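Student: Hey, I've just opened this one and I'm new to it. Can you walk me through it?

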Amino acid sequence: MTFPASAADDRVATPGKAPLSPDVAAIELRHIEKRFGPTIANRDVSITIRRGAVTGIIGENGAGKSTLMSILYGFYQADAGEILVGGQPLDIRTTHDAIAAGIGMVHQHFVLVDTFTVLENIMLGREGGRLLRRGKAAARRELLRLEAEYGLGIDPDALVGDLPVGAQQRVEILKALYRGAEILILDEPTGVLTPQETDQLFRILATLRARGTTIILITHKLREVMAITDEVYVMRGGAIVAHRPTKETNSQELAELMVGRKVRLKLEKKPATPGAVQLEAKNLGLKDERGVACLSNINLTLRAGEIVGIAGVSGNGQSELLEVLAGIRAPSSGGFVVRDRNITPETACDPALMRELGVAHIPEDRHRLGLVTRFSAAESAMLGYQHEAGYRKGWLLDNRAIKASCDRLMEQFDVRPRIADLRSANFSGGNQQKLIIARELARHPKVLLVGQPTRGVDIGAIEFIHSQLIAHRDAGCAILVVSVELDEVMSLADRILVICGGRITGEVSAADADERELGLMMANARRGDDDAVPGMADTNMPDLKQSQATI
Amino acid sequence: MSSKNVTLPRWVDIAAIPLTNVFLAFLVAGVIVLAIGENPLNATQILVSGALGSGEGIGYTLYYTTNYIFTGLAVAFAFHAGLFNIGGEGQAYLGGLGVGLVLLAFDHSLPFAVLLPLCILASMLFGALWVLIPAYLQAYRGSHIVITTIMFNFLASALMVYLVVNVLTPVGATEPATRDFDPASAIPFVHEVLGAVGIQMDSTPLNLSILLALAACVFVWLYLWHTPWGYELRAFGHSEKAAVYAGVKTKRIILVTLCISGALAGLVGVNEIMGVQHRLILNFTAGYGFAGIAVALMGRNHPVGIVLASLLFGILSQGGAELSFEIPAITRDMTTVIQGLIILFSGALVHLTRPWFERLFAFLLQRRPAAATQGA
């Protein structure tokens, strides 16, 4: 998904493009159809993107919005229908065609070379000749012009790897603008940003809109749609189910349109009744292979019957914290006590032992840790519990029992499709997550470690997952939730710890939590330091690059 | 691009594509035969009838097949754990040493019923031990198993030359080999067994070790797909992180997997030394260890596939020998060329024909009314 280098691509501006009157739609998609084998990904999709406006396209995973944008950006070709750019029918066969037509895309996963400077990244694929010197000078001039016009606040000579995530995203935007993009597609742009960085992005988008750039925002976050878009299209099952001016709709209506039924956006729960301490970390520290501290001096207490949330920008040690507590990595200093068992740097780390102690772990990275994508659902549904007697008949595995157990889990947690033999990879993200949660909750754990419980999960499933977690809390389970979604932490947790740079930088009870204050703590700025530019505190964010790769 | 999203039926994956690949390999080999001025159809006919046209041909074919099954299983077994054991050649060689040493020590003193399990265990033990050092280095030191097992092939070769020439060859012998073992210690030939029940068959090296090979297939199938340890092994092979998450002891998995893999390769020694040669000689492995890689590749790392691929390689070995005898212009090297082409087409170019099938099925499916209407 990189911008491929090509000689045919050397023009910065596209010659021969007619000047456009403002009332002509920037993009019009007419009756787009796309089919993958028997699956219809896009069904008779017709949308009109108004010039100089921000248009939101929302829908659950699998609703077909990514496919639609891939068609527009030249990754796929539609089976039927036509694309009009600036009123002219256009055959977009490759991404080059899309770029030439003034369409730019900012991907969810950035496509930047970490060891290159901003300037070098932006030139990549458009070096402008055999020797770099002249091309570089020209690129720098253009970049300074763009900077003056849009004020993105990016130093052309900074190494991309040193930039915080929010700034890297702006480099992506800059790259698209440099390529002459007048229409910008942003695919889930806020997933990796702090609330402050999100605000900053929205300010930039507002500037871009004011300068006439057309923006298409693909997202599933309703708050963002309400905050920034001018109009919104809702997709469900491959088709457009609604088109609304943003002013005339609200989150509740959009959520219902997306899911196709009534949903509760607000989580209802009783106050927690914390019981005995189940897990206690004391001065826990962790160094990575290079000896860099990922966690230092972590102290936390987890009691039965409460949910403790960890808020933080991803890459600040929360993944490592979960891995240490789950027994996957050994602490380097300090330790923790889980249900009267002391874990120190000297004790061998052993996830199997933690499971025996009644610790269940719903990992952040479900594709790499939570299940084996090439295993059948039934096989993935016993991952971690493969030695349990219930799965055995003598020395051999009892495949019938394994399948029956998977069927039960699928039934209880409404995993669809209910086919135990289907490869784990062929389930949607939400259903994979439900299967993992079903597996981990089935053993009625005393301690539950949850990483990103609803990342990439549809609204309908989020509702279900949250209510399950609350139900287990009420049944006396001690739950630790790590999430980059601040909303989620705030609505699920009874207490919130903020982590930044591998340290706990604050604790608030969920009742008093306010988003702005949490955001500042996540960027390690104290109350009153409102001038500090969050997200620029890059020295406090180790492993930022690494975390992006896994998001 | 759309064709990439077609899910092919299982039979295409496990039968049609491999067969097409083999067919293409033969097609290219035919062009080469044509280029050296021979008739490819004629050559194919000689090859097939040489391998399958007579009792003698079939016997030789199945004898070769036995060896390929052992080494193919060895490669496939390790491969399921994501480990590429290239050292089958050396492990098979050492397995033969194990058999030879047991027979040298006990062939006159112990009955066959005791010797047989003893020799099988010795071959497996020696094969396993020969991979233990590379396995340890992989598990605890991160030295890549491909490099170390290749090096251990050379070590095995040097060690065997030293042992056979300097230690085990009796004084006054004219060639480097141990003494002949007691005939009573030999695994019965199939033609002897059939002869005993009144069925005549030409004398061939095929012996009852082939039953051991089939038993090994069943073992591998049971272990990999029907035991918790096989489950852990495959989980480790697909995703090391998921295996760690699941509490799998990864270092132990590497050691155990490679030792079983080495033990499977070591079983070649039973077929060769106890079944055919009846003495320990040099170079009896004759490349079976390396061919095992191709067999596993071709057999999709599944025991059933490996039996079929071994049969194909057995046919090639026997038919190729026959071919070079009938048409001297086509040397035995031609067999190696065909094997190489099969490896090329079913290994390196395994995805060459896949898009053709995908396009074909996309075309067929589009003509049918679409059943499902889910999003992408």
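**A helix, a sheet and a second chain**

Tutor: Sure. This is a predicted model, and a good place to begin is helix H1 of chain A, residues 65-72, which lies across E1, E2 and strand E4 (80-85) of chain A.

Student: What angle does H1 make with E1(A)?

Tutor: Helix H1 of chain A runs at about 115° to E1(A).

Student: And the strands, what order do they come in within the sheet?

Tutor: The order is E2-E1-E4-E5 in chain A. It's an open sheet of four strands, and the pairing is antiparallel.

Student: Which ones are the edge strands?

Tutor: Strand E2 (39-49) and strand E5 (88-90) of chain A, as each of them pairs on one side only. From one strand to the next, the twist averages 30°.

Student: What holds strands together in a sheet, anyway?

Tutor: Strands of a sheet pair through backbone hydrogen bonds, and the pairing can be parallel or antiparallel.

Student: OK, so how many bridges join E1 to E2(A)?

Tutor: Seven, between E2(A) and strand E1 of chain A, residues 27-36, with the two running antiparallel. If you want a spot to look at, find A:Lys34, which stands opposite A:Asn42 in E2(A).

Student: Changing topic: what's the mean pLDDT of chain A?

Tutor: The mean is 84, and 89% of the residues in chain A reach 70 or more. Over residues 1-20 of chain A, though, the pLDDT is below 50, and that stretch has 21 contacts in the model beyond near neighbours in sequence. Residues 526-551 of chain A also stay under 50, and there the model has 52 contacts beyond four places in sequence.

Student: Let's move to chain B. How many helices and strands are there?

Tutor: Chain B has 16 helices and zero strands. Its radius of gyration is 23 Å, close to the 21 Å that the globule rule gives for 376 residues, so chain B is as compact as a globular protein of that length. Along the principal axes, the C-alpha trace of chain B spans about 80 × 60 × 40 Å.

Student: How much of chain B is buried?

Tutor: Buried residues are 48% of the 376 in chain B.

Student: What about helix H14 of chain B, why call it largely enclosed?

Tutor: Because 18 of the 24 residues of H14(B) are buried, the rest of the structure largely encloses it.

Student: And how far apart are the end C-alpha atoms of H14?

Tutor: They're 34 Å apart in helix H14 (residues 303-326) of chain B, which agrees with the 34 Å that 24 residues should span at 1.5 Å a residue.

Technical notes: Residues are numbered from 1 along each chain as its sequence is written. Chains are lettered from A and ligands numbered from 1 in the order in which they are written. This is a predicted model: local features need pLDDT of at least 70, side-chain atom pairs count only at pLDDT 80 or more; totals for chains, interfaces and linings use all residues. pLDDT is the predictor's confidence in each residue, from 0 to 100. Two residues are in contact if their C-beta atoms, placed from the backbone, lie within 7 Å. Two strands pair if DSSP finds at least two bridges between them. Axes are lines fitted to C-alpha atoms, for helices over the stretch in contact, and angles run from 0 to 180 degrees between N-to-C directions. The expected span of a helix is 1.5 Å times one less than its number of residues. A residue is buried if 20 or more other C-beta atoms lie within 10 Å of its own, exposed if 12 or fewer, and partly exposed in between; C-beta atoms are placed from the backbone. The radius of gyration is taken over C-alpha atoms; the globule rule is 2.2 Å times the number of residues to the power 0.38.
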